[in-house]
Amino acid sequence: MIIPSKQYKEFEESALWFIESLGIDYPVNVKALFYMKTRRRVDLTNLLEALDDVLVKGGMLTDDNYKIIEGHDGSRVLYDKDHPRIEVFIEEI
């Protein structure tokens, strides 16, 4: 059993406030811009995995398999010390 970290639980709890339950079940590209408050090295694939899980839990996407999330084209990690955030763009393919 994998137990989510405290940091992940905090992220999930705060992110769910902003997710609208749309039930998207068709192919999309999920582009995510992660604006971090430090220049510390992070793993983009881990950030994307956490985001995908929260989008499913919040009901925006019905699943995070390859038939729904066909890609994360354009996703990247950026730096914004004063306004860390995640900007998410979901586009039908």
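User: In this predicted model, is phenylalanine 11 buried, exposed or partly exposed?
Analyst: Buried means under 20% relative accessible area and exposed means over 50%. Phenylalanine 11 has a relative accessibility of 23%. That value falls between the two cut-offs, so phenylalanine 11 counts as partly exposed.

User: How many aromatic pairs are there?
Analyst: Rings pair if their centres lie within 6.5 Å. Tyrosine 8 and phenylalanine 11 have ring centres 6.2 Å apart. By this rule the count of aromatic pairs is one.

User: Are the rings of tyrosine 8 and phenylalanine 11 stacked, edge-to-face or tilted?
Analyst: A pair of aromatic rings is described by the distance of the centres and the angle of the planes. Planes under 30 degrees apart count as stacked and planes over 60 as edge-to-face. For tyrosine 8 and phenylalanine 11 the planes are at 55°, so the pair is tilted.

User: What separates tyrosine 8 and phenylalanine 11 along helix H1?
Analyst: An α-helix has 3.6 residues a turn, so residues three or four places apart point the same way. Helix H1 covers residues 6-16, and tyrosine 8 and phenylalanine 11 are three residues apart in it. Their separation is therefore about one helical turn.

User: Where is glutamate 12, and is it buried or exposed?
Analyst: Glutamate 12 is found in helix H1. Its relative accessibility is 15%, and the cut-off for a buried residue is under 20%. Glutamate 12 therefore counts as buried.

User: Which residues does glutamate 12 touch, leaving out those up to four places away in sequence?
Analyst: The C-alpha atom of glutamate 12 is separated by 8.2 Å from that of alanine 50, a residue 38 places away along the chain. With residues up to four places away not counted, glutamate 12 touches Val54 and Lys57.

User: How does the span of helix H2 stand against the expected value?
Analyst: Helix H2 covers residues 44-57, which is 14 residues. At 1.5 Å a residue, a span of 20 Å is expected. From its first C-alpha to its last, H2 reaches 20 Å.

User: Against which elements do the buried residues of H2 pack?
Analyst: The buried residues of H2 are Leu48, Ala50, Leu51, Asp52, Val54 and Leu55. They pack against H1 and three strands: E1 (28-36), E2 (69-71) and E4 (85-92).

User: Which residue just after H2 takes a positive phi?
Analyst: The phi in question is about 85°. The residue that takes this angle is glycine 59.

User: In which loop is aspartate 43, and how exposed is it?
Analyst: Aspartate 43 has its place in the loop between E1 and H2. The C-alpha atoms of aspartate 43 and histidine 83 are separated by 20 Å, with their positions 40 residues apart along the chain. At a relative accessibility of 38%, aspartate 43 counts as partly exposed.

User: Which residues does asparagine 29 contact, leaving aside neighbours within four places in sequence?
Analyst: Asparagine 29 lies in strand E1 and counts as buried at 9% relative accessibility. Isoleucine 68, 39 residues apart from asparagine 29 in sequence, is 8.4 Å apart in space, C-alpha to C-alpha. With those neighbours left aside, the contacts of asparagine 29 are Gly71, His72, Asp73, Phe89, Ile90, Glu91 and Ile93.

User: Which residues does valine 77 contact, with neighbours within four places again left aside?
Analyst: Valine 77 is in strand E3, residues 76-79. It is partly exposed, with a relative accessible area of 33%. The contacts of valine 77 are Phe34, Met36, Val42, Leu44 and Leu47.

User: Over which rings do the charged ends of arginine 39 and arginine 85 sit?
Analyst: The charged end of arginine 39 is 3.8 Å from the centre of one tyrosine ring, that of tyrosine 79. For arginine 85 the distance is 3.8 Å, and the ring is that of tyrosine 35.

User: In what order do the elements of the protein chain run?
Analyst: The protein chain has two helices and four strands. From the N terminus on, the order is α-β-α-β-β-β.

User: What is the radius of gyration of the protein chain?
Analyst: The C-alpha atoms fill a box of roughly 35 × 30 × 25 Å along the principal axes. A compact globule of 93 residues would have a radius of gyration near 12 Å. The value for the protein chain agrees with this, at 13 Å.

Notes:
Residues are numbered from 1 along each chain as its sequence is written. This is a predicted model: local features need pLDDT of at least 70, side-chain atom pairs count only at pLDDT 80 or more; totals for chains, interfaces and linings use all residues. Side-chain values use heavy atoms; hydrogens and water are left out. Rings of Phe, Tyr and Trp (its six-membered ring) pair if their centres lie within 6.5 Å; planes under 30 degrees apart count as stacked, over 60 as edge-to-face and the rest as tilted. Buried means under 20% relative accessible area, exposed over 50%, partly exposed in between (1.4 Å probe, protein chains only). A charge sits over a ring if NZ of Lys or CZ of Arg is within 6 Å of the ring centre and within 35 degrees of the ring normal. The expected span of a helix is 1.5 Å times one less than its number of residues. Contact means heavy atoms within 4.5 Å. The radius of gyration is taken over C-alpha atoms; the globule rule is 2.2 Å times the number of residues to the power 0.38.
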